[in-house]
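Trainee: I am new to this one. Can we go through the terms and what backs them?

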Amino acid sequence: MVGRKDLSGEIYRQIRRAVLDRRLRPGDPLPPGRELARALAVSRATVTVAYERLAAEGFVTSRQGSGTFVSEVVAQAGRKSTSRRSSTGVVQPRPVWEGIPLLTAFERRARFDFRTGLPDASLFPHRHWRRSVTQALRSSEAAAGFYEHPAGHRDLRAAIARQVGMSRGVEASPDDIIITNGTQQALDLLARVLLEPGDAIAVEDPCYGPPRHLFKSLGIRVVGVPVDREGLLVEALPRGVRAIYVTPSHQYPLSVTMTLPRRQALLAWAERNNAAIIEDDYDSEFRFADRPLEPLQTLDTKGRVIYVGSFSKTMLPTLRLGFLVTPPSLRLALHKAKFVSDWHTSTLAQAALARFIDEGAFARHVRRVSAVYQERHQILADAIARDFAEHLELISSTTGLHLTALARRMSVDQIAEIARRVADHGVAVQVLSRFAVNAIPRAGVMLGYGAIPTARIEEGMHLLRVCFDSEPQ
C-alpha cells in the first residue's frame, strides 16, 4: 500500500494490474473481503468498494456463496494487450516527424539570458491581472459554464479590435477577430483553411523555425525566399506559391523592417498570383524611434492579408493568447477550423484579458515596459558598437525585443562554438545560422533584451567578448 490515501483505489489498481500481467490467472479466487481488510489493516468497506469497482469493469465476477474470482474474458484480453505493449514499435509516426526538432532552448536557465522571444516577467502587473481574473471568475459567463463561440469571447474581440486599431492602425471589427492559443495555432488554422498537402508556402529565409516545421508537418512545401536590408526579395518569389508568411515590421531573425516599396510590391505580387499573405506582427508594440511603417494589412485593399498578433511578448508566453484578423471571405472556414481544433480558447483567460485591456491596464503596461526595453536596447546596441566592432556588424533596428549582428569574418562554426563556450559561463545567446531555410546559413548572433535585467547586460556582454577574443581567427 502507498500511503493512506485512496485506499480502495490502490487496492483496485494493484489487483487490476495483477490480472493484466497474468499474475492472477482466469478463475483464480480473490481473498475474502474480511481477510484482505484484516491483512491490510483497512476497513472491510474499503475492500468492498475496490471489489465492486473491479466487478463493474468486468475484471472479476462474484459467485454467491463461493467468493470472488478473476474473470475469464478480461484476463484473455489482458494477455493480448500485454503482448502488444511488449512490442518495440508496431505503430510508428509519419516519417516527417523524424526531421522536426522538439524545442529545448528554454529548458536551461541562464544567469545572463539574451535569448529572444522572452519578455521580463518581473515587470508584469501581477496584482492587476489577478484582479482581472477574479472579476472574470465572478462574471455571469463563467458562472454559466457554457462552451464559447470558436471565434472567442465577444468582449475580448471588441477590445482587441480597438487596441490594434489605435496602436497599429489595423482596420478590424470584432467579427474579424479570432482568438487563438498563440501565434502558432493561428498559423495552423490558416494553413488548414488555405492550403492542401503539396501546396507551396513561401517564407522568409532566414525564418523562425516553428512555423516552418508546422507547415512541413501538414504536407505543405516550404520555399525559402531571401531577405536583404529592405525585407523580403519579392522578385525572388517563385510561381505556384499559394501563400506567403512574413514578419515585415521586425523580421525574425534579421531585425530589418520591410520598406514601403517592398510592401507594395508584395501586395501586387500576391494579387497577380492569387496568393494570400500571412503577416506575423509578433513584437512591434515596442517601438523606440519614429512610428514605423504601418502593417501590410492597412495597405491591403483586396482582402489578401491575414494579420496575426500575439500577447506572448507584451504579456506573458504562459498565457498562450493570440489572435488573427481575417478577411470576411475566410471567416466562416476559420471558425470551423478553430472548432475542430480545440473548440475555443480558455474563456476565463479571455474574459480577464478583455477587462485588462478595457480598464487601460494593458496600454499602461506596454508604455511602462517599453521604457525599460528601450533603455536595454540602447545599452546593448552601444556595447556591440563599442566592444564588438571588429567582430560583429549590428543590423539597425528600433523595434521589438532583440538585436541581430552579423559576423564580419568568423564562420558559422566559429560563432556556434562561441555560443557553446559562453553558455558554460551562464550566458545564453542564439546563433543566426540555425534559422536558414534554403540559403547558405549566415554567421551571426541574436541578442534578446526582454528577459535580462538591465544591470546585468554589461557583465553578460563582457563574458561574450572574452569568448570572442579567445576564438582563433
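The talk below takes a helix pair first, then a sheet and the helices across it.

Mentor: Keep in mind that this is a predicted model.

Trainee: Why are α2 and α3 called oblique to each other?

Mentor: Their axes cross at roughly 120°. Roughly perpendicular covers 65 to 115, and roughly antiparallel starts over 145. The angle falls in neither range, so α2 and α3 are oblique.

Trainee: How near do the axes of helix α2 and helix α3 come?

Mentor: They come within 8 Å. Helix α2 spans residues 33–40, and helix α3 spans residues 44–56. The crossing is right-handed.

Trainee: Which residues meet there?

Mentor: From α2, Gly 33, Arg 34, Leu 36 and Ala 37. From α3, Arg 44, Val 47 and Tyr 51. By class, that contact has 4 nonpolar, 1 polar and 2 charged residues.

Trainee: Now the sheet. What makes β4 and β7 edge strands?

Mentor: Each pairs on one side only. The sheet is open, with 8 strands in the order β4-β11-β10-β9-β8-β5-β6-β7. Its pairing is mixed.

Trainee: How do you know that β5 and β6 pair?

Mentor: Pairing needs at least two bridges, and 6 join β5 to β6, so they count as paired. The two strands run parallel. One bridge links Asp 205 to Pro 226 in β6.

Trainee: What makes α12 roughly parallel to β4?

Mentor: Helix α12 runs at about 20° to β4. The cut-off is under 35 degrees, so roughly parallel fits. Helix α12 also lies across β10 and β11.

Trainee: And at what angle does helix α10 run to β8?

Mentor: At about 155°. That is over 145, so it counts as roughly antiparallel.

How values were computed. Residues are numbered from 1 along each chain as its sequence is written. This is a predicted model: local features need pLDDT of at least 70, side-chain atom pairs count only at pLDDT 80 or more; totals for chains, interfaces and linings use all residues. Side-chain values use heavy atoms; hydrogens and water are left out. Axes are lines fitted to C-alpha atoms, for helices over the stretch in contact, and angles run from 0 to 180 degrees between N-to-C directions. Helices (H or I, at least four residues) and strands (E, at least two) are DSSP runs, numbered from the N terminus. A crossing is left-handed if the near helix is turned anticlockwise from the far one by less than a right angle, and right-handed if clockwise. Contact means heavy atoms within 4.5 Å. Ala, Val, Leu, Ile, Met, Phe, Trp, Tyr, Cys and Pro count as nonpolar, Asp, Glu, Lys and Arg as charged, and the others, Gly among them, as polar.
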